[in-house]
Amino acid sequence: TIFPEYLAPLELSLIGKARRSGLVELAVHDLRDFTHDRHRTVDDAPAGGGAGMVMRPEPWGEAIDHVLAAGAGERPGVVPTLLVPSPSGRRFDQAMAHELAGLDWLAFACGRYEGIDERVLDDAAERLPVRAVSLGDYVLNGGEVAALAVIEAVVRLLPGVVGNAESLVEESHEGHLLEYPVYTRPASWRGREVPEVLSSGHHANVAAWRHEQRLRRTARRRPDLIAAWLAEHEPTPRERELLAEEGWVG
Ligand code: ADE
């Protein structure tokens, strides 16, 4: 990155704690450390013309070589997967987060401006897996925010990072459904009550209610996810009824 400070939040909260307890190791590298001119230049005009600036290949090549060499000493035989945040990458999702959480070593190349000279990625791809990753169908100013999001989504899946592993099971995007709504005390607030079933102590009823809420909410907010859920579940008559009530038409 040319903005190491952008990645300062990685010292905070669960990720910071995971780093301090040795569950994950993380290092931030300043791209400008790999320049050799007085102005520490990292960009230049796009070949072929057009708006904006493109990141020059030399500092990126040196930076990637450095990260590979530094890490290889500690993990003989292991190569990182290079993730390149970009709006033209493959869409990041929970399935990809799980996949990345299974890898030993991830490296991120955070581009700015109009992007990184394509030869950097072609060159790196001869030595390591390279994947362009997009956070979503919108454009950020650079890869740092996307890297933060990917790192947070991946690191929280590592064993021991989230204290209560059960909280990873029924959350949004696990099993294709969104999470059910949650409540806490007080039982009554501004005239609004916590749903009665949640105070019943009847675990099966609570579980059934939560499942219905997940299904309803997903049908309402993210009907696109229901098809994936249906591909893995034969809906009960009750589930069909709920989907129909929420206006889902398959
Ligand atoms: N860089 C700029 N926009 C981006 C996006 N949507 N996802 C990932 N990286 C980006």
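Which residues does Ser-86 touch, not counting residues up to four places away in sequence? In this predicted model, Ser-86 touches Val-133 and Ser-134 once those neighbours are set aside.

## Ser-86 in its strand

Ser-86 belongs to strand β3, and its relative accessibility is 19%. Buried means under 20% relative accessible area, so Ser-86 counts as buried at its value of 19%.

## The chain as a whole

The secondary structure of the chain consists of 8 helices and 7 strands. Measures of overall shape can be read side by side: the C-alpha trace spans about 70 × 45 × 40 Å along its principal axes, and the chain has a radius of gyration of 23 Å, whereas a compact globule of 250 residues would have one near 18 Å. Of the contacts in the chain with a separation of 6 or more, 71% are accounted for by residues 24 or more positions apart.

Turning to the surface, buried residues make up 39% of the 250 residues, while the chain exposes about 15100 Å², of which carbon and sulfur atoms supply 52%. The chain carries 27 positive and 39 negative side chains, and the centres of these two sets lie 6 Å apart.

## Helix α3 and its buried side

Helix α3 covers residues 94-101, and Gln-94, Met-96, Ala-97, Leu-100 and Ala-101 are buried in it. These residues lie on the same side of α3, because they cover an arc of only 155 degrees around the axis. A general rule helps in reading such a pattern: an α-helix has 3.6 residues a turn, so residues three or four places apart point the same way.

The buried residues of α3 pack against several elements, namely the strands β3 (81-91), β4 (106-108) and β5 (130-134), together with helix α5 (144-155). Strand β3, which is one of these partners, is also the strand that holds Ser-86.

## Phe-108 and Cys-110

Phe-108 lies in strand β4, and with a relative accessible area of 23% it is partly exposed. Leaving aside neighbours within four places in sequence, Phe-108 is in contact with Leu-82, Leu-83, Ala-147, Val-150 and Ile-151. Phe-108 and Thr-236, by contrast, are 128 residues apart in sequence and 44 Å apart in space, C-alpha to C-alpha.

Cys-110 is found in the loop between β4 and α4 (118-125), and it is buried, with a relative accessible area of 3%. When neighbours within four places in sequence are left aside, Cys-110 is in contact with Thr-1, Trp-60, Gly-143, Glu-144 and Ala-147. Ala-147 is thus named among the contacts of Cys-110 and also among those of Phe-108. Cys-110 and Ala-72 are 38 residues apart in sequence, and their C-alpha atoms are 21 Å apart in space.

## Helix α8

In helix α8 (residues 237-245), the buried residues are Glu-239, Leu-242 and Leu-243. Seen down the axis of α8, these buried residues fall within an arc of 100 degrees, so they line one face of the helix. On the other side of α8, Pro-237 and Ala-244 are exposed.

The packing partners of the buried residues of α8 are two helices, α6 (203-221) and α7 (223-232). Just after α8, Gly-247 takes a positive phi of about 80 degrees.

Technical notes. Residues numbered from 1 in each chain as written. Heavy atoms only, no water. Helix = DSSP H or I, 4+ residues; strand = E, 2+ residues; numbered from the N terminus. Rg over C-alpha atoms; globule rule 2.2 N^0.38 Å. Buried < 20%, exposed > 50% of the residue type's maximum accessible area, 1.4 Å probe, protein only. Contact = heavy atoms within 4.5 Å. Areas by Shrake-Rupley, 256 points an atom, 1.4 Å probe, with all protein chains shown as cover. Lys, Arg positive; Asp, Glu negative; His and termini not counted. Charge placed at Lys NZ, Arg CZ, Asp CG, Glu CD. Arc of directions from axis to C-beta.
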